[in-house]
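Let's take a walk through this one together, starting where the chains meet and ending in the empty spaces inside.

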Amino acid sequence: MSAMFELDFMRNALLAALFVGLAAPMVGIFLVQRRLSLIGDGLGHVALAGVAIGIATDRAPVLTALVTAALGAVVIELLRARGRTSGDLALAMLFYGGIAAGVVIINRSEGAQTGNLTSFLFGSIATTTRGELVTFAVLSAVIVGVTLVLRPRLFAVAGDEEYARASGLPVLALNILLAVLTAVTVVVAMRVIGLLLISALMIVPNAAAQQLSGSFRAANLWAVVLGVLSSVGGVVVSYQLDTASGGTIVLIAIALFVVAMVVGHVVRLVARRRHLRAERHAHEHGPGCGHEAVPHGDHVDYLHDGHRHAAHEGHYDEHSDHPPPAEGPDQDARHEQEVTR
Amino acid sequence: MSAPAPPVVELRGAAFGYRGRPVVSDVDLTVRRGEVVAVLGPNGSGKTTLVKGLLGLSEHLSGQVEVLGTPLARLPDRTRIGYVPQRHTLVGGVRATVAEVVATGLLARRPWYRPATRADREAVLAAVEAAGLADRARFDVETLSGGQQRRVLIARALVARPDVLLMDEPTAGVDRASQDVLTSVLRRLADAGTTMAIVTHELSALRGVVDRIVEVDTGHVTFDGTPEGYAVHQGALARSSGRTAAR
């Protein structure tokens with residue numbers, strides 16, 4: 001294990017994985033929220049054309065990929081904002097055009113050799129240079145900083161675009177910003193994961209986080225934890241087992257998703273079985289409902305016939321330590337306390 | 001004596017529509033502070049387009065539109081108009097709590113770089129309480145009933161303390177029991193002097209809350225008056241159509 005850290009290229013690889021694992025889920029959560037999970041794939045295709053241009057013109061492929069993907073992102077958002085049905089077709093043209101142009105340009109400059117192409121499609125972490133690593137570090141810091149500061153606004157626009165517009169938020173600008181952040185993430189991740197698998201690290205940790213959390217804040221944290229775990233873990237495992245890093249990272253992310261799904265399910269099941277349930281009733285407690293409100297920790301209980309009712313999903317939980325005993329058989333049926341502890 | 005405050009909403013010969021084509025036109029309408037106006041009309045009559053026009057969501061094509069004495073296009077703070085849309089999902093494909101959704105109602109009030117203050121968080125809790133959801137502030141919105149979700153949207157509109165609330169079908173698709181709670185929330189707001197314009201199909205759910213009715217049909221205002229006057233108007237309409245049919 002320690003031998004791994006003595007290798008220069010492995011240190012670079014682990015750092016690059018850390019950057020990607022942090023940044024990708026932070027952008028990805030808004031794509032999941034907007035149900036645009038596949039847009040990262042599309043921008044990966046566009047970035048390939050940029051890589052090809054870089055190789056053909058002897059410029060840094062990271063830089064040309066960044067410019068091309070960002071331009072593609074702006075075009076996509078402008079097409080979407082126009083809201084015509086042809087927007088969907090225009091997206092397809094852009095995505096297929098990107099990958100086709102990439103292949104043609106690279107073949108023109110390198111003949112039948114497509115080794116270079118494969119390294120971008122599937123990632124080739126070992127070839128990451130020191131200079132590229134610095135670029136990735138700066139870009140990741142920008143992504144993390146921008147998403148942290150603008151998180152409430154990005155959340156509002158992705159959740160309800162119409163309301164955001166009515167309340168005066170700059171919806172188009174925020175949408176373009178998110179698309180450009182996605183493009184930058186694609187470029188940061190292309191060396192580590194590869195352009196074909198890039199979207200996975202933006203989407204899968206978020207899908208897993210949704211299983212484990214009940215708030216946007218918690219989901220954000222979980223996604224970053226799972227993202228870093230997948231990307232860094234994937235690089236370590238791929239070194240030990242001598243497997244492709246990109247594919248390994250994505251398989252680990254999916255394995256974590258399955259674990260999260262099972263854990264989330266079990267937790268919900270246990271929670272449902274062990275809580276004390278008060279009666280289901282048509283009445284909904286609220287201010288001025290006639291029942292006394294009692295502050296209880298972070299919420300409010302309502303006193304109802306000696307029971308302390310706390311809202312939980314479609315019913316009320318019993319929150320008093322010693323609920324009054326049911327009096328008669330019909331009372332019993334009415335209160336139907338499920339005390340299964 | 002000071003000059004009377006300008007009406008909350010004032011339309012004169014206004015037309016709204018989409019892509020340059022009017023859906024409602026020649027609308028004259030004045031909503032004064034504290035009034036609760038129901039906007040009625042069949043599907044496709046233009047009532048939603050009218051309300052969206054006041055929010056800048058449909059195009060303002062002609063006539064005058066003033067909100068709080070300022071022409072709509074020059075209104076600097078849009079959160080002075082609270083909007084409660086008709087929605088089936090509240091946050092898209094992710095989980096979020098009631099408080100997180102309601103807090104988005106305050107964003108347009110502060111610059112992009114400034115995080116939420118303590119006063120902001122207190123305003124969120126106050127709005128959640130006004131919508132009767134105080135005991136559910138930290139719930140995942142997906143676990144709420146349709147009626148409770150509608151009240152989350154009302155809280156989001158209330159949190160910025162708007163001068164007027166515009167609601168699109170707040171009672172549609174909500175079961176009876178939640179409708180009663182919803183109506184009592186609206187009544188509480190009305191009693192507190194909140195100015196509201198409510199687009200609706202179901203006048204019966206808003207009985208006792210509404211003090212004025214505006215009917216829109218085929219792109220024009222066809223009635224504007226009290227609920228009592230509206231009953232007379234409908235009776236007259238029924239009689240005249242009955243006579244036409246009999247002929």
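Buried area is the accessible area, taken with a 1.4 Å probe, that two parts lose on being put together, summed over both. Keep in mind that this is a predicted model. With that in hand, look at where chain B meets chain A: the two bury about 3,500 Å² between them, and 53% of that lies on carbon and sulfur atoms. Chain B brings 43 residues to the contact, and chain A brings 38 residues.

What holds charge against charge here? Side chains of opposite charge can pair when their charged atoms come close. Across the interface of chain B and chain A, the count is two salt bridges. To see a salt bridge between the chains, find E162(A) and K52(B), whose side chains meet with N to O at 2.7 Å. Polar contacts add to the picture: 14 residue pairs, both partners at pLDDT 80 or more, are in polar contact between chain B and chain A.

Now turn to the side of chain B that touches chain A. Helix 2 (98-103), helix 4 (146-158) and helix 5 (176-191) of chain B are the elements that each give two or more residues to that side. Helix 4 of chain B gives the most, with four residues. Sorted by class, the residues on this side of chain B come out as 18 nonpolar, 10 polar and 15 charged.

Salt bridges turn up within a chain, too. Over all chains the structure holds 17 of them. In chain A, D8(A) pairs with R11(A), and their closest N and O atoms are 3.0 Å apart. The two are three residues apart in helix 2 (residues 8-33) of chain A, so about one helical turn separates D8(A) from R11(A).

Last stop, the empty spaces. Rolling a probe the size of a water molecule over the atoms shows where empty space is left. Counting cavities of 30 Å³ or more gives five, and the largest has a volume of about 80 Å³. What sort of residues line the largest cavity, by class? The lining has 11 nonpolar residues, with no polar and no charged ones. Among them are V9(B), L29(B), V37(B), L50(B), L166(B) and A197(B). Strand 1 (9-18), strand 2 (21-31), strand 3 (36-40) and helix 1 (47-54) of chain B each supply at least two residues of this lining. Helix 1 of chain B provides the largest share, three residues.

Methods:
Residues numbered from 1 in each chain as written. Chains lettered and ligands numbered in written order. Predicted model: local features only at pLDDT ≥ 70, side-chain atom pairs only at ≥ 80, totals over all residues. Heavy atoms only, no water. 1 Å grid on protein atoms, 1.4 Å probe; cavity = no way out; pocket = protein on both sides within 12 Å on 5 of 7 lines; lining within 4 Å. Points joined across faces, edges and corners; volume = space filled by probe spheres on them. Nonpolar A, V, L, I, M, F, W, Y, C, P; charged D, E, K, R; others polar. Contact = heavy atoms within 4.5 Å. Salt bridge = Lys/Arg side-chain N within 4 Å of Asp/Glu carboxyl O. Polar contact = N/O pair within 3.5 Å; in protein donor to acceptor, adjacent residues only side chain to side chain.
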